[in-house]
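Thank you all for making time this morning. I would like to walk through one protein with you, element by element, and I will ask a few questions along the way.

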Amino acid sequence: PIMSISVSTCGTVLASGSLDNTTMIWDVTTGKVLRHLCAVTHTLPEICRKETAKFDEDPPKVAYAFKHHIGAVSTLVATKAAVLSGSWDQTLCISYLPVYRERWNDTRAVHILKERGRELRVQVEEIVEAARPRRPVGRAMRLMERLEAELAAVEAECQKREQRLRNSLYRCRKFLRVAGKDVGKVMSIAFQKLEGGAYGLFAGYADGNVRQWDVNGGRVACVFMAHQGSSCTCV
């Protein structure tokens with residue numbers, strides 16, 4: 001079942017959280033699923049296959065797949081730049097959407113570059129095979145040199161994109177958890193711009209307290225003793 005929904009301030013993005021441990025991001029105007037947040041524990045080739053396979057779907061339904069929480073997603077807030085989710089595993093997760101868009105583009109590029117690399121290798125092998133037992137000469141040699149130069153450029157760009165994918169994996173999300181204390185499930189969250197331009201992240205927990213987080217420092221800035229003896233289900 002769906003445990004929580006949230007709409008962005010611009011009114012164009014809707015996020016829903018479910019007991020199956022996933023978060024889904026929807027386009028309000030079209031009704032299509034933009035992102036389905038499930039698991040990021042795959043190796044790079046698996047991510048490439050998983051991500052690029054979705055481009056051929058008609059209509060496209062899923063753009064990303066990550067898994068942030070061990071427990072069920074109980075609440076979330078969607079903004080233009082991030083999706084904030086709270087879970088029964090006592091964690092908050094901030095998913096930075098611009099980084100995920102970057103990863104989406106890089107994953108697609110890696111898929112295309114690898115396909116082009118395979119095509120170039122086949123063409124070079126065909127030229128070499130046609131000239132056997134001698135080496136290619138004249139026009140065939142010039143064509144082979146051009147193909148090999150393009151192949152080297154393709155492989156270099158592919159390696160660059162793969163490295164960027166590996167690096168961005170650690171920038172795309174941030175986890176917040178109360179250390180050394182059992183505070184219960186995260187029941188609700190609120191994200192609001194405060195005076196002075198700062199942003200406030202507030203989370204309601206099953207222990208009945210609301211905690212304000214310092215996102216940059218990754219620590220609890222303030223605790224509001226809200227509902228002792230009962231869960232704080234809405235902030």
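Let me begin with a hairpin, where strand β11 and strand β12, the latter covering residues 219-224, run antiparallel and are joined by five bridges. One of the pairings to look for on the screen is that of D214, whose bridge partner in β12 is R219. Between the two strands of this hairpin there are four residues, and G218 there takes a positive phi near 65°. Strand β11 itself, which spans residues 210-214, is mostly covered, since four of its five residues are buried. Within that strand, R211 has its charged end over the ring of Y205, 5.0 Å from the centre of that ring.

Before going further I should say that this is a predicted model, and that everything I quote was computed from it. As for the overall make-up, the protein has three helices and 12 strands, and of its 235 residues 42% count as buried. If we take the contacts between residues at least 6 apart in sequence, 53% of them join residues at least 24 apart.

Now let us move to the sheet that will occupy us for most of this talk. In what order do the strands of the open four-stranded sheet follow one another? The order is β5-β6-β7-β8, and the pairing is antiparallel. At the edges stand β5 and β8, the latter being residues 173-177, and each has a single partner strand, so one side of each is left without a neighbour in the sheet. On average, neighbouring strands of this sheet are turned by 20° against each other, if direction is ignored.

Taking the strands in turn, β5, residues 73-78, is mostly covered, with six of its six residues buried. Five bridges join β5 to β6, residues 82-87, and these two run antiparallel, with V77 standing opposite L84 in β6. Together β5 and β6 form a hairpin that has three residues between the strands.

In the loop between β6 and β7 we come to Q90, which has a positive phi of about 75° although it is not a glycine. That deserves a pause, because most residues other than glycine have a negative phi, and most peptide bonds are trans. Is Q90 buried or exposed? With a relative accessibility of 14%, Q90 counts as buried, because the cut-off for that class is under 20%.

On the other side of that loop, β7, residues 91-96, is joined to β8 by five bridges, and the two strands run antiparallel. Within this pair, L92 has L176 in β8 as its bridge partner. Also in strand β7 is S95, which counts as buried at 1% relative accessibility. Leaving aside neighbours within four places in sequence, the residues in contact with S95 include H68, A82, Y100 and C172.

That brings me to the cysteines. How many disulfides does the count come to? The count comes to zero. As a reminder, a disulfide is a covalent bond between the sulfur atoms of two cysteines. For C93, the closest cysteine sulfur is that of C172, and because the two sulfurs are 8.1 Å apart, they are too far for a bond; the rule asks for sulfur atoms within 2.5 Å. Both residues are buried, C93 with a relative accessible area of 1% and C172 with 0% relative accessibility.

What lies across this sheet? Helix α2, residues 97-131, lies across β6, β7 and β8, and runs at about 55° to β7. If we then follow the chain into the loop between α2 and α3, the latter being residues 138-168, we find P133, which is joined to R132 by a cis peptide bond with omega of about 5°.

Finally, a word on the aromatic rings. A search of the whole structure finds zero aromatic pairs. There is nevertheless an arrangement of charge and ring to point out, in which the charged end of K185 sits over the ring of W88, 3.9 Å from its centre.

To close, I would ask you to keep two pictures in mind, namely the open sheet with the order β5-β6-β7-β8, and the helix α2 that lies across three of its strands, β6, β7 and β8.

Terms used. Residues are numbered from 1 along each chain as its sequence is written. This is a predicted model: local features need pLDDT of at least 70, side-chain atom pairs count only at pLDDT 80 or more; totals for chains, interfaces and linings use all residues. Side-chain values use heavy atoms; hydrogens and water are left out. Rings of Phe, Tyr and Trp (its six-membered ring) pair if their centres lie within 6.5 Å; planes under 30 degrees apart count as stacked, over 60 as edge-to-face and the rest as tilted. A charge sits over a ring if NZ of Lys or CZ of Arg is within 6 Å of the ring centre and within 35 degrees of the ring normal. Buried means under 20% relative accessible area, exposed over 50%, partly exposed in between (1.4 Å probe, protein chains only). Two strands pair if DSSP finds at least two bridges between them. Axes are lines fitted to C-alpha atoms, for helices over the stretch in contact, and angles run from 0 to 180 degrees between N-to-C directions. Contact means heavy atoms within 4.5 Å.
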